[in-house]
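Hi everyone, thanks for coming along today. Please have the sequence and the structure open while I talk, and stop me whenever you get lost.

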Amino acid sequence: MRRHRPLSFGAEILSEGVQFRLWAPDAEVVFLTFADGRQFPMMMGPDGWFELTTAEAGAGTRYRYRIGDAFYPDPASRSQPDDALAVSAVVDPNAYDWRDGGWQGVPWAEAVIYELHPGTFSEAGDFAGIAQHLDHLLALGVTLIELMPVAECPGRWNWGYDGVLPFAPAQRYGGPEAMKRLVDECHQRGIGVILDVVYNHFGPAGNFLHAYASRFFTDKHHTPWGSAINFDDVGAANVRRFFIENALYWLDEFHLDGLRFDAVHAIEDTSTQPILEELGETIRTELPGRLIHLILENDRNQSSLLGNGVGGPGPYDAQWNDDFHHALRVALTGAAGGYYDDYARDPVARVGRALAEGFVYQGEASPHRDGRPRGEPSADLPPSAFVNFIQNHDQVGNHAYGWRLPHFADRASLRAAAAILLLSPAVPMLFMGEEWATDRPFPFFCDFDGDLAGAVRKGRAKEFAGFAEFRDEAARARIPDPLAEATFLSAKLDWPALDEPAHAEMLAFYRQLLALRRKHIAPLLAHSDRPQGQFVRLGAGGLEVRWRLDGAELTLLANLSDEPLAATQRPGRGELIYRSHEAVENLPPRFVSVTLQGAAQS
């Protein structure tokens, strides 16, 4: 089976040779150059397009574009065999023979997402290394892996959010063929693959679009990365087309099961049809009948974009629910400062609202955002419109040292957080290593040089200067150097630690919870498009949440405080699915129970 998504940008193999197309509206003359030094003038067409079809090229041909005295990689390159700054290579998508013809996808009701960084998840640090641990993920109960961004960028290591060539899987991970093999093997083993894509900015090194396609950007809007990508100014049609084709390319040519769209709140667009709407609707139209999952990261909490037309009006399935993470983190650890201050008042009630209704902020004023309203009403959305988590790359890596949750929470709190996450109806997401409570950090890392390297170091130190523990210059000096190889290597998962009793115990606990979810909760979610979640506070730190799911009632009872809670409330009626402590008169600290009533017998 072959898979090929024809593109209007870049290099396409045709029967008569290879067609090269570049949008360069600021250029007057463009040459296609090969690695052997041959050069071919490209024909200029309307609207700044340059095109050439030649039989002198084929699969594997290495090429660049010359404009004036400068040479540039193809912005739509499918492969960068050396690095992001060097030559591009022609790829024949039909050269890979897919073996996953029977793959039907993962129903969203069965979704258990596992976020991982391709460079630090395995010992090898590449796509092949991920495949070596699929047995572990299957035994855990994972149904979807979510790859952090893989688009090519300069350097030996990077989180992935500095990509500059969004069609080229990074060569450091194995390149396009290796990525296809990973997806193919995942599908044959019953695991889907979601990719994190970045459409709000390009990285700070290796992005040459300003030199010949300045209309790719606009000064109408400004972002943390400078001028915004142009989705609503002169020339925006080609820019929008570039990113829509990119999304379709990943889903079609790489047979991915979904995309996670990074920080879409940073996309500025005043068009009649904003790019997010066009993007989601085009994917649904172009790829009908497939189980494709589209997930947003969106600080604006726009419920109108969610639901995939079933549980809600928008084309996207779900959003990463930061509100759930922040409220639970404050309730269990007392976290304070920054965005955690938005959850400081009655954090247990805010956990309850996140579990029952999705967003905590549904239009209320956010103190962290200077009192500006945040969010839209979400109580009418089903739990499946929210991806909940207790760790992810941001929430770990945003800490100066990249410390994970076990550094801040004791064992009982970790178990309570995991039980609430995995036995509630929202889609759960784990961050690599969480399932065995790894001690390895996940600090921020990248690999730049020159002035940019110095700017990154200074920016990282400045970012934490406002925190009390880093006001002292000596304390800031202890923050890991984001450009050091040692910082990158410190994030590599410690797979041998699985044999240590404490880690093995936590892994067994996660497997137990996910087995309970698979048996009791997932079957109820397929027909629960309309939510009926309610919560009540119990005493100082207690919480009861009830959901009506496909005619059944799921009840979660928790004591998130450090003190026993007088048991005026007992675990709900029906079958006891899980209880953290044996029957006691009062509910101990970090107590969690889950019961189910009215479900059909499994």
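Let's begin with His 293, whose side chain reaches the backbone oxygen of Val 106 at 2.6 Å. Before I go on, please keep in mind that this is a predicted model. His 293 lies in strand 18, residues 293-296. Is His 293 buried or exposed? Its relative accessible area is 3%, and buried means under 20%, so His 293 counts as buried. Who surrounds it? Leaving aside neighbours within four places in sequence, His 293 is in contact with Val 106, Pro 107, Trp 108, Leu 144, Asp 257, Gly 258, Leu 259 and Asp 317. Val 106 is in that list of contacts, and Val 106 is also the residue whose backbone oxygen the histidine side chain reaches.

Now let's look at helix 5. How far apart are the end C-alpha atoms of helix 5? They are 25 Å apart. Helix 5 has 18 residues, 236-253, and at 1.5 Å a residue these should span 26 Å, so the two values agree. Helix 5 is also mostly covered, with 16 of its 18 residues buried. After helix 5 comes His 255, which has a positive phi near 55 degrees.

Next, the empty spaces inside. Rolling a probe the size of a water molecule over the atoms shows where empty space is left. For this model, the count comes to 10 cavities of 30 Å³ or more. The largest cavity has a volume of about 160 Å³. Its lining has 19 residues, and Ala 151, Gly 163, Pro 166, Val 197 and Val 198 lie nearest the centre. Which elements give two or more residues to this lining? They are strand 13 (165-169), strand 14 (192-197) and helix 5, the helix we just looked at. By class, the lining of the largest cavity divides into 14 nonpolar, four polar and one charged.

The second largest cavity holds about 100 Å³ of space. It is lined by 18 residues, and the closest to its centre are Ala 354, Leu 355, Ala 356, Gly 358 and Pro 383. Helix 8 (347-357) and strand 22 (386-389) each give two or more residues to this lining. The largest share, four residues, comes from helix 8. The lining of the second largest cavity has 11 nonpolar, six polar and one charged residues.

So let's stay with helix 8 for a moment. How many of its 11 residues are buried? Nine of them are, so helix 8 is mostly covered too. Those buried residues are Pro 347, Val 348, Ala 349, Arg 350, Val 351, Gly 352, Ala 354, Leu 355 and Ala 356. They pack against helix 7, helix 10, strand 24 (533-538) and strand 25 (542-549). Just after helix 8, Gly 358 takes a positive phi of about 100 degrees.

Leu 355 leads us to Ser 424. You can find Ser 424 in the loop between helix 10 (411-422) and strand 23 (427-431). At 1% relative accessibility, Ser 424 counts as buried. Not counting residues up to four places away in sequence, Ser 424 touches Leu 355, Arg 517, Ile 521 and Trp 547. A polar atom of the Ser 424 side chain lies 3.4 Å from the backbone oxygen of Leu 421. Try this one on your screen as well: Ser 424 and Leu 554 are 130 residues apart along the chain, while their C-alpha atoms are separated by 8.3 Å.

Last stop: a pocket. The second largest pocket has about 600 Å³ of space. Which residues lie nearest its centre? Of the 21 that line it, they are Tyr 339, Tyr 340, Asn 398, His 399 and Phe 467. Helix 7 (322-333) and helix 11 (450-464) each supply at least two residues of the lining. The lining of this pocket divides into 11 nonpolar, seven polar and three charged.

Helix 11 is also where you find Glu 463. At 43% relative accessibility, Glu 463 counts as partly exposed. From C-alpha to C-alpha, Glu 463 is 9.8 Å from Asn 398, and the two are 65 residues apart in sequence.

That's my tour, and I'm happy to go back to any stop.

Conventions. Residues numbered from 1 in each chain as written. Predicted model: local features only at pLDDT ≥ 70, side-chain atom pairs only at ≥ 80, totals over all residues. Heavy atoms only, no water. 1 Å grid on protein atoms, 1.4 Å probe; cavity = no way out; pocket = protein on both sides within 12 Å on 5 of 7 lines; lining within 4 Å. Points joined across faces, edges and corners; volume = space filled by probe spheres on them. Nonpolar A, V, L, I, M, F, W, Y, C, P; charged D, E, K, R; others polar. Expected span 1.5 Å × (residues − 1). Buried < 20%, exposed > 50% of the residue type's maximum accessible area, 1.4 Å probe, protein only. Contact = heavy atoms within 4.5 Å. Polar contact = N/O pair within 3.5 Å; in protein donor to acceptor, adjacent residues only side chain to side chain.
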